[in-house]
Amino acid sequence: MIRQPSRHCTVELQAVPARIGHVRRIISAQLRYWRLDALIDPAALGVTELLANVHRHARPSKQCTVELSVLLDQLTVAVHDEDPRLPRIRAADNWETCGRGLALIAALSENWGMRPEGGGKVVWFTLPALTPAPEEARALRPHWEPPPLDDARTAADARTRAGGATVG
């Protein structure tokens, strides 16, 4: 059963350093809007790594699309670019200044992967979309829904002790 409808957001950009910070702010705002604040840091870090890879490696163009989607309690972050070459994960030596991006994506995500698409590719990762805390879930409950049985009994017991209504 789907508890909430799917949610989707797409941002098209040129993967240049000046735009990466802007995209991080857009992603942060979108996740806050969806009430997925706990995912802001890992999603922003992951998308930064993927956009840095597009900036560093993609040819002939740095044009790409960042896509966020939430479905069935899972956030998927995907970056589409026009370069058909699939990236490869590798072990970087301690002295190397790059080569750890995909290893970082693998470490921070629940799942990740890549696939050819059109004339380019998509690199994606997933994070578990946390469900609301019990207090938030209670606040979101429709006003006509009766309270849980334990809450009703507690309220009735309090009225009885206060000399109000009798429970029988």
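**Exercise 1.** Determine how many disulfides this predicted model contains, and state whether C9 and C64 are buried or exposed.

*Solution.* A disulfide is a covalent bond between the sulfur atoms of two cysteines. The criterion applied here is a pair of cysteine sulfur atoms within 2.5 Å, and by this rule the count comes to zero disulfides. For accessibility, the cut-off for a buried residue is under 20% relative accessible area; C9, at 13%, therefore counts as buried, and C64, with a relative accessible area of 2%, is buried as well.

**Exercise 2.** Work out which residues of helix 3 are buried, how they are arranged about its axis, and what covers them.

*Solution.* Within helix 3, which spans residues 101-108, the buried residues are G101, L102, I105 and L108. Viewed down the helix axis, these buried residues fall within an arc of 130 degrees, so they line one face of helix 3. The general background is that an α-helix has 3.6 residues a turn, so residues three or four places apart point the same way. The cover over the buried residues of helix 3 includes helix 2 (40-57), strand 4 (111-117) and strand 5 (120-128).

**Exercise 3.** Describe the largest pocket by its volume, its lining residues and the elements that supply them.

*Solution.* The largest pocket holds about 580 Å³ of space. Its lining comprises 27 residues, of which N53, H57, P87, R88 and L102 are the closest to the centre. Helix 2, strand 3 (74-81), helix 3 and strand 5 each supply at least two lining residues, and helix 2 gives the most, with eight.

**Exercise 4.** State the confidence of the chain and locate the stretch where the pLDDT is below 50.

*Solution.* The mean pLDDT of the protein chain is 78, with 68% of its residues reaching 70 or more. Over residues 136-168 the pLDDT is below 50, and this stretch has eight contacts in the model beyond near neighbours in sequence.

Note on methods. Residues numbered from 1 in each chain as written. Predicted model: local features only at pLDDT ≥ 70, side-chain atom pairs only at ≥ 80, totals over all residues. Heavy atoms only, no water. pLDDT = per-residue confidence, 0-100. Contact = heavy atoms within 4.5 Å. Buried < 20%, exposed > 50% of the residue type's maximum accessible area, 1.4 Å probe, protein only. Helix = DSSP H or I, 4+ residues; strand = E, 2+ residues; numbered from the N terminus. Arc of directions from axis to C-beta. 1 Å grid on protein atoms, 1.4 Å probe; cavity = no way out; pocket = protein on both sides within 12 Å on 5 of 7 lines; lining within 4 Å. Points joined across faces, edges and corners; volume = space filled by probe spheres on them.
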